[in-house]
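This briefing concerns the contacts between chains and the placement of charged side chains. Please consult it alongside the sequence and the structure shown here.

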Amino acid sequence: MAAAFLTFRAAGERFAVPIERVREAARARRIVPLPGAPSAYAGVAIVRGEPLGVLDLGRVAAARGPLPEPGRSVLVVLRGEARALLVDRVDGVERLDVAAEEGQTGWRRSGPGDARGPLSLIDLDALFAGEEGQLGKR
Amino acid sequence: MSRDGRRLLTEFVAEAQGILEEATGTLETLESAGPDAPPELVNAFFRSVHSLKGLASMVGLARLAEAAHDVETLLDGVRMGRVPLDHETVGVLVDAFAQLSELVARVVAGEKDPAAPDGLRSALAAAQEPRAHGPKAAAEVVLPKDLEGLLTDYERHRVQENVRKGRRVLVLPLELPFETFDDGLRAGMAEAAQLGELIGTFPGASSDPERMAFQLLVGAPPEVDLQEAARRCGAARCVVVEPETAPPAATRVPHPPAEGAGAAPPELFAGTVRVPLEKISTLLDLAGEAAVSSRALRGVLEMALLRTADRGVRFEVLRACSEVERAVSAFGRAALATRLVPLDPIGLRLARTARSIASALGKEIDFSIVGGDTEVDKVLADRLSDPLLHLVRNAVDHGIEAPDERQAMGKPRAGTIRLEAAARGRDVVVRLSDDGRGVDRSAIVARARQKGLLGADEPDPSDPLALVFRAGFSTASTVSELSGRGVGLDVVRTNILAAKGSVSVRSEPGRGTQFEIVVPLTLALVESVLVRAGGRYFAFPASSVVRTFDAPPERSAPGAGLPLVPLDRLLGLPEEESAEGGAVVVAEEGSRRVGFLVSEIEGMLDVVVKPLGAAVPRALEITGTAELPDGDIAFTLDTGRLLDRLDEPGWGGTWPRPS
């Protein structure tokens, strides 16, 4: 079954999230570190007047992958979430066959890769559940 | 029931209770005004019941909606002159109204769709039957043709009523220039209302394409000076509409109201729109953002203009920039004004409560309201309501003496309770005073010792009255039903603090007591003390900041008793070594007071606080963000939670001393 995804890169990896979970991709003017947030959070950015918690996808992914690239600066703003993902760059919108995702667990699920390399589908709910699970210790 | 359904029902109950309270006030006035009650009063009551009907059907309370519809039908008869507003009608309305209130109470108690007793409908119908001494038939009035077609049934009825009462019906034609017609019309209407009753405002025909024509229809006393009336309203002339001499046949049977006839004609609602508070908040947010952007724009332009040699261009750009800033600031003030409501409705509710408590206790009171038109943020008005109710109950229950006791003391038998409200700068001051027995200071001190609020060896405090706000304090020697149990003035103080306000009390034995409540005009803009700590900006609500000072060189508290806590360490931020030693913000909440060490105090600033979503993980002490004029972000702090944090293990007991 093919569906539309926004694809982007972080920490040298390719990722995708379902397009209906994305409100917009925006350039972050300023991200201010947020006291008490887990280290994976880059801080708070204001987009269209609304403060968003910014999760640094590179920092989350790099725990298991290559080091993040410098100059990351695009926010993938999630719909109805007050949260955004900080990524290196946005590739575009692609139709992907996601049947292979079934049965996988965790936030990073292997998706249909191509000549550009492998692609991970992000389960946003699992991603945030994992991050906030560490919140207890400040 | 779904969550939305429950939410709707909660909103319904809150709204319905508000409407019922407002309508009770109107009904009381209607009752005392009798048959010659001004038409606006009947209209106000009609509107209340109409809103209740709409609300009830919106949340699926069909039977309540039906009962309200029946009441509305009777009221429509009254407004249209079909039903006289006599003792009988008022009696039926009072009963019907009590039953509507009862229905709402049953909804509150959890009933799904309670039905009114069977008798209600027939009583309302009976009240609409023609009376033996019905209203006198009036002479028909012949209106100018161009006006005749424009009148609603209600306006026509008002014309007849004016004629019946021997008043003169006047038509005042206005021709106003296009650019300023709204001001001219408003002024004309205000003057016309002074003449007598402004029955309606209608479009007219203008011969001048640059002007707009209107006609004011006015009912005025017979002795009115026509020329003077025209001059005052800005009309070219004043036309008197004469009634026909022959009375019409008295057989005009009133039409039974058709289904849906109870719906208020649109003109009753003209000029008012109900808007959810979030929409207004969005408007305020946008105003705040526009202000931030326009300041940023000025900064950039000023830099760019340094390189411009052309002085004419520089002048024009900066002038245009100032105009934008002025417009943005006016926009902000206008947006803010939409949140403000007058305190009158609260005052009237308090007056009613006070009267009913007084009559239950066999006391007499005069309740006066001064400055009821003072406006305050809707959210604050709601939050003030409970504390004031509590104070009023106390005043009637404990303050005002019994009539005989008062008389023996040479006071008037009726006690006076006075509610005063006034704007003071950015605050609203509300005073509630009574001329009752006042507060016995020595009894308070004794009570505080008995309750353990004051140690046996502690000296008497300099201001014993402040003790009444402490938790666990209650002066009434017998706990009365009215004042409730265990809920004292400490709750009043807590509620007012929650509204970012303060409360104080003054009292003179035998002369009375006065409570003074000060709250900010609005919660939309928060006056804040902006500081830097750990490399970030933070905003303390100014209401919680007692003072600020430069940190002493050894960074320890001057004198005893004031603990100093580094804000960066408390929030788990990298600690900054400030060469200058930084500054101290002394913040307090309740009885707790702490000095927070920060690296710098930036100053005072009004900020628009944007709450951070619950999903964004953070220190609990951070409530939201505020965008600063230069585009930077400050985190807004909850002082109470900061102080709570100090009670946690690690901080608790031993106040941290910087090493």
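**Charged side chains and the chain interface**

Glu191(B) counts as partly exposed because its relative accessibility is 27%. The model under discussion is a predicted one. Over all chains, a search of the whole structure finds 41 salt bridges, while the count between chain B and chain A is 1.

**Salt bridges within chain B**

- Glu191(B) and Arg232(B) form a salt bridge through their side chains, with an N to O distance of 2.9 Å.
- This pair links distant parts of the chain, 41 residues apart: Glu191(B) belongs to helix H8 (residues 181–195) of chain B, and Arg232(B) to helix H9 (residues 226–233) of chain B.
- Arg232(B) has a relative accessible area of 31% and is therefore partly exposed.
- Glu228(B) also takes part in a salt bridge, with Arg231(B) as its partner and 2.9 Å between the closest N and O atoms.
- Both Glu228(B) and Arg231(B) are found in helix H9 of chain B, where they stand 3 residues apart, about one turn of the helix.
- The two partners fall into separate accessibility classes: Glu228(B), at 31% relative accessibility, is partly exposed, whereas Arg231(B), at 57%, is exposed because the class begins over 50%.

**Salt bridges within chain A**

- In chain A, the side chains of Arg109(A) and Asp123(A) meet in a salt bridge, 2.9 Å from N to O.
- The two residues are 14 apart and connect distant parts of the chain: Arg109(A) is in strand S9 (residues 108–114) of chain A, and Asp123(A) is in the loop between strand S10 (117–122) and helix H2 (124–133) of chain A.
- Arg109(A) and Asp123(A) are both buried.

**A buried aspartate without a salt bridge**

- Asp434(B) is located in strand S9 (residues 427–434) of chain B.
- Although Asp434(B) is buried, it has no salt bridge, and the nearest side chain of opposite charge, that of Arg406(B), is 6.9 Å away.
- That separation exceeds the salt-bridge limit, because the nitrogen and carboxyl oxygen must lie within 4 Å.
- The side chain of Asp434(B) does reach the backbone nitrogen of Gly436(B), at 2.8 Å.
- Leaving aside residues up to four places away in sequence, Asp434(B) touches Ala395(B), Ile400(B), Thr416(B), Ile417(B), Arg511(B), Gly512(B) and Thr513(B).

**The interface of chain B and chain A**

- Contact between the chains involves 25 residues of chain B and 23 residues of chain A.
- The two chains bury about 1,800 Å² between them, and carbon and sulfur atoms account for 64% of this area.
- Of the area that chain B buries against chain A, 29% comes from Val616(B), Pro617(B) and Ile633(B), more than from any other three residues.
- A salt bridge joins the side chains of Asp632(B) and Arg30(A), at 2.9 Å from N to O.
- Across the interface, 3 residue pairs are in polar contact, with both residues at pLDDT 80 or more.
- Strands S13 (536–541), S19 (610–611), S20 (622–627) and S21 (633–637) of chain B each contribute at least two residues to the side of chain B that touches chain A.
- S20(B) gives the most to that side, with 3 residues.
- By residue class, the side of chain B that touches chain A comprises 13 nonpolar, 3 polar and 9 charged residues.

Note on methods. Residues numbered from 1 in each chain as written. Chains lettered and ligands numbered in written order. Predicted model: local features only at pLDDT ≥ 70, side-chain atom pairs only at ≥ 80, totals over all residues. Heavy atoms only, no water. Contact = heavy atoms within 4.5 Å. Buried area = accessible area lost by both parts, 1.4 Å probe. Polar contact = N/O pair within 3.5 Å; in protein donor to acceptor, adjacent residues only side chain to side chain. Helix = DSSP H or I, 4+ residues; strand = E, 2+ residues; numbered from the N terminus. Nonpolar A, V, L, I, M, F, W, Y, C, P; charged D, E, K, R; others polar. Buried < 20%, exposed > 50% of the residue type's maximum accessible area, 1.4 Å probe, protein only. Lys, Arg positive; Asp, Glu negative; His and termini not counted.
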